[in-house]
Amino acid sequence: MSDVPGAPADLLRSLTRAERLLSRRLAAVLADDDLTTEAWRVLCLLADGQGHPMSEVSAEASLPPGTLTKLVDQLVDRNLVFRRIDPLDRRRIRAYLTARGRREHARLDERVRTSLAEADVPADTALLDHLAELIARLDPAGRRDIAEAAGLRR
């Protein structure tokens, strides 16, 4: 893209290519269970057991609220997710994994990790730490740790 090594265009191209290839690999793993990468992002976020407001889930899953609502409706229908009114702010709805959702997340997490290991994707946290640092610099408002949000850290 550029004649200058390390140019911003090279960084953007490399990150975009890596994201697309990783998404393609993840989609292949999840296809057997009829789940999308967006659904996987939601399951990973909710796997911490804390329950999250739908607005936070929307932001973390990079989905507009209407699309997220449809996706969560599908996950509710599959008994993977449930919603509850936030006890501290009754205007908000929080989403949680069901017991089945926790089991499915754990099973799928193992399949995803195996697939990444087969592709020799580094299991160490160095790359994730660099990406988290990049995100922190580009998004000073601070969003969740990328590895945590992607479900790659336990």
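Author: A contact means that heavy atoms lie within 4.5 Å. In this predicted model, residues 24 or more positions apart account for 54% of the contacts in the protein chain with a separation of 6 or more.

Reader: Which secondary structure does the protein chain contain, and how do its elements run from the N terminus on?

Author: The chain comes to seven helices and three strands. From the N terminus on, the order of its elements is α-α-β-α-α-β-β-α-α-α.

Reader: How many aromatic pairs does a search of the whole structure find?

Author: The search finds one aromatic pair. Its members are Phe82 and Tyr96.

Reader: Why are Phe82 and Tyr96 called an aromatic pair, and why is the pair called stacked?

Author: The ring centres are 5.2 Å apart, and rings pair if their centres lie within 6.5 Å. The angle between the planes is 15°, and planes under 30 degrees apart count as stacked. Phe82 and Tyr96 therefore meet both criteria.

Reader: What makes this pair a link between parts of the chain?

Author: Phe82 belongs to strand 2 (residues 81–85) and Tyr96 to strand 3 (residues 93–97), so the pair ties together parts that are 14 residues apart in sequence.

Reader: How do you know whether Phe82 and Tyr96 are buried or exposed?

Author: Buried means under 20% relative accessible area, and exposed means over 50%. Tyr96 has 18% and is therefore buried. Phe82 has 28%, which lies in between, so Phe82 is partly exposed.

Reader: What share of the protein chain is buried, and how much area does the chain expose?

Author: Buried residues make up 31% of the 154 residues. The chain exposes about 9900 Å², of which carbon and sulfur atoms supply 55%.

Terms used:
Residues are numbered from 1 along each chain as its sequence is written. This is a predicted model: local features need pLDDT of at least 70, side-chain atom pairs count only at pLDDT 80 or more; totals for chains, interfaces and linings use all residues. Side-chain values use heavy atoms; hydrogens and water are left out. Rings of Phe, Tyr and Trp (its six-membered ring) pair if their centres lie within 6.5 Å; planes under 30 degrees apart count as stacked, over 60 as edge-to-face and the rest as tilted. Helices (H or I, at least four residues) and strands (E, at least two) are DSSP runs, numbered from the N terminus. Buried means under 20% relative accessible area, exposed over 50%, partly exposed in between (1.4 Å probe, protein chains only). Accessible areas come from the Shrake-Rupley method with a 1.4 Å probe; for residues, only the protein chains shown count as cover.
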